[in-house]
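Here is a short briefing to read alongside the model. Keep the viewer open, and take the topics in whatever order suits you.

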Amino acid sequence: MAKLPGPLEIYPLLPGTNCKVCGEANCMAFATKMAEHTVKLKACTPLYEEQKYAKKLTKLEDLVRPPIREITIGVGDKAVNIGGKLVLYRHDLRYSNPTAFFLDISDNLDSDGLAKRVKEIEDWTYIYIGQNLRLDGIALRGVSKDPKTFANAAKKLIELTEWPIMLCSLDPSMLAAAAMAIAHKRPLLYAATMDTWSEVGEIAVKHGLPLVAHTSGNLNDLATLVTTLRALGVNEIVLDPGTASKAGLGTTVDNFTQLRRSATVADNELFGFPLLSTPISVWADYQDGEAPELTKWDEVLTAASSIVRYSDIVVLHSLDMWTNLPLTFLRSNIYTDPVKPVAVEAGLVEFGEVGPDVPVMYTTNFALTYFTVESDIKQAGVNAYLVVVDTEGMSVQSAVAGRKLTADKVAESLQEYGVADKVNHRILISPGMAARISGETEEATGWTVKVGPQDSSGIPKYLQEGKWKEE
Ligand code: SF4
């Protein structure tokens with residue numbers, strides 16, 4: 001693994017004034033957080049504002065630059081960052097910048113067709129453990145083969161959406177026309193090849209745009225192409241080593257792995273750029289409407305394999321719920337910080353029309369636990385209060401074992417959220433998994449603790465039968 005700098009390497013390059021502008025108590029605290037990658041260098045504004053720190057800044061930027069360069073596509077709130085990876089394996093630290101999903105639109109659609117497809121892409125969403133799973137960008141394909149049509153479609157697109165755009169054509173004249181039209185929106189250009197590097201590279205340099213370097217599976221060619229583009233002045237490159245499905249998928253996975261390993265383990269700067277895969281290529285052999293339904297399976301399988309193998313951006317065609325749901329789940333799981341449990345905010349949640357005689361339950365702020373309990377209470381159709389105790393994102397069983405869920409914490413939560421003032425009883429329903437602290441909880445709170453179901457699926461029946469009120 002490429003060596004990540006520690007606080008003692010970072011600290012001497014900071015101003016050392018302990019001015020607290022970055023929000024930290026002193027420069028060493030900032031250096032420690034930099035080493036943990038929980039703050040950005042830009043937060044130390046004196047480094048950027050005062051000329052006397054210019055040399056230190058240059059050295060620091062070199063020191064903390066991730067092995068995989070971070071590239072921004074688009075502008076404003078919807079811009080997406082890709083790359084910026086620090087490690088090969090997630091368990092070595094964490095992954096940043098989740099794989100971006102770009103869905104295609106053909107440039108030969110009329111205005112209504114473009115608007116309809118944009119809306120479908122933007123509207124695709126699914127709520128998963130409190131997260132709003134979404135797609136990220138639009139890949140405009142120059143199927144018309146006409147530069148003017150391509151440029152007009154690009155212009156229309158930026159009227160329809162703020163989402164980041166990728167301009168896709170292997171014809172330099174097409175890319176030149178569309179880049180001229182929407183360069184201010186910072187699209188990603190796709191792509192320069194061994195045949196077109198000079199013309200396409202110049203378009204990227206002229207407009208200051210990120211550019212995809214594409215070869216068809218040959219990594220030596222890709223290395224040559226990247227070297228040439230950099231010599232031309234292209235600094236923001238995305239690597240596309242070619243994406244094959246079915247029998248060729250194994251080679252694709254090998255290529256992606258070699259590229260990322262080379263950049264992060266062997267410190268090969270030449271391949272230190274984000275990776276792009278094109279599962280959409282499974283449709284290439286078919287005319288519109290001719291592809292068998294199983295083509296969608298191929299696309300999902302190819303996309304899933306490339307997401308697992310370091311792809312920073314994937315280009316897709318299918319827009320069904322069932323095709324993108326497993327892919328967005330997969331992305332969410334891979335990009336969740338393994339040392340930071342997914343948590344919801346602690347507090348008091350009301351269900352239905354609460355009054356002084358409704359049941360009071362408690363649970364932990366582990367997201368998966370919370371959303372399961374929330375769903376079960378809603379299913380019961382019963383009015384209730386739910387106290388969400390801050391257990392640093394741990395589930396009930398783990399939190400009890402790790403002393404993150406204690407009788408005192410439950411008592412503090414009841415106090416903090418003023419629950420005693422809201423109800424006319426003193427009965428608290430505890431999770432079944434917290435039964436072992438029920439005695440202590442009665443002592444700490446002064447409330448009677450009723451142990452609820454072991455599994456939250458038993459909550460609806462438990463609440464509907466009103467057993468919590470029984471003596
Ligand atoms: S802003 Fe910079 S100089 Fe000031 S305390 Fe933070 S790291 Fe140190």
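Strands E1 (residues 70–73) and E2 (residues 80–83) run antiparallel and are joined by 4 bridges. Please keep in mind that this is a predicted model. The notes below start with this strand pair and then move on to the cores, a helix, the ligand and the overall chain.

**The E1–E2 hairpin**
- Together, E1 and E2 make a hairpin, with 6 residues lying between the two strands.
- In the turn you will find Gly74, whose phi is positive at about 90 degrees.
- Ile71 of E1 has Ile82 of E2 as its bridge partner.
- The covered face of E1 carries Ile71 and Ile73, while Glu70 and Thr72 sit on the uncovered face.

**The nonpolar cores**
- The largest nonpolar core has 72 residues, and the members that touch the most others are Ile138, Leu140, Leu167, Leu189, Leu211 and Ala213.
- Helix H7 (residues 172–182) supplies the largest share of this core, with 7 residues.
- A second core, separate from that one, has 34 residues, including Val358, Val360, Val388 and Leu428.
- If you would like to look at one residue of the largest core in detail, try Ala213. Leaving aside residues up to four places away in sequence, Ala213 touches Ala191, Ala192, Leu222, Leu225, Val226, Leu229, Ile237, Leu239 and Asp240.

**Helix H15**
- Lys409, Val410 and Leu414 are the buried residues of helix H15 (residues 407–416).
- These residues lie on the same side of H15 because they cover an arc of only 140 degrees around the axis.
- What do the buried residues of H15 pack against? Their partners are strand E14 (360–364), strand E15 (384–389) and helix H16 (438–445).
- After H15 comes Gly418, which has a positive phi near 60 degrees.

**Around the ligand**
- There are 14 residues around the ligand, and those that come nearest are Cys19, Cys22, Cys27, Phe30 and Cys44.
- By residue class, the shell around the ligand consists of 9 nonpolar, 3 polar and 2 charged residues.

**The chain as a whole**
- The protein chain contains 17 helices and 17 strands.
- Its C-alpha trace spans about 80 × 65 × 40 Å along the principal axes.
- Of the 471 residues in the protein chain, 40% are buried.
- Among contacts with a separation of 6 or more, 65% are between residues 24 or more positions apart.

How values were computed. Residues are numbered from 1 along each chain as its sequence is written. This is a predicted model: local features need pLDDT of at least 70, side-chain atom pairs count only at pLDDT 80 or more; totals for chains, interfaces and linings use all residues. A residue is buried if 20 or more other C-beta atoms lie within 10 Å of its own, exposed if 12 or fewer, and partly exposed in between; C-beta atoms are placed from the backbone. Two residues are in contact if their C-beta atoms, placed from the backbone, lie within 7 Å. The arc is that of the directions from the helix axis to the C-beta atoms. A nonpolar core is a set of buried Ala, Val, Leu, Ile, Met, Phe, Trp, Tyr and Cys residues joined through C-beta atoms within 7 Å. A residue is near a molecule or strand if its C-beta atom, placed from the backbone, lies within 6 Å of it. Ala, Val, Leu, Ile, Met, Phe, Trp, Tyr, Cys and Pro count as nonpolar, Asp, Glu, Lys and Arg as charged, and the others, Gly among them, as polar. Two strands pair if DSSP finds at least two bridges between them.
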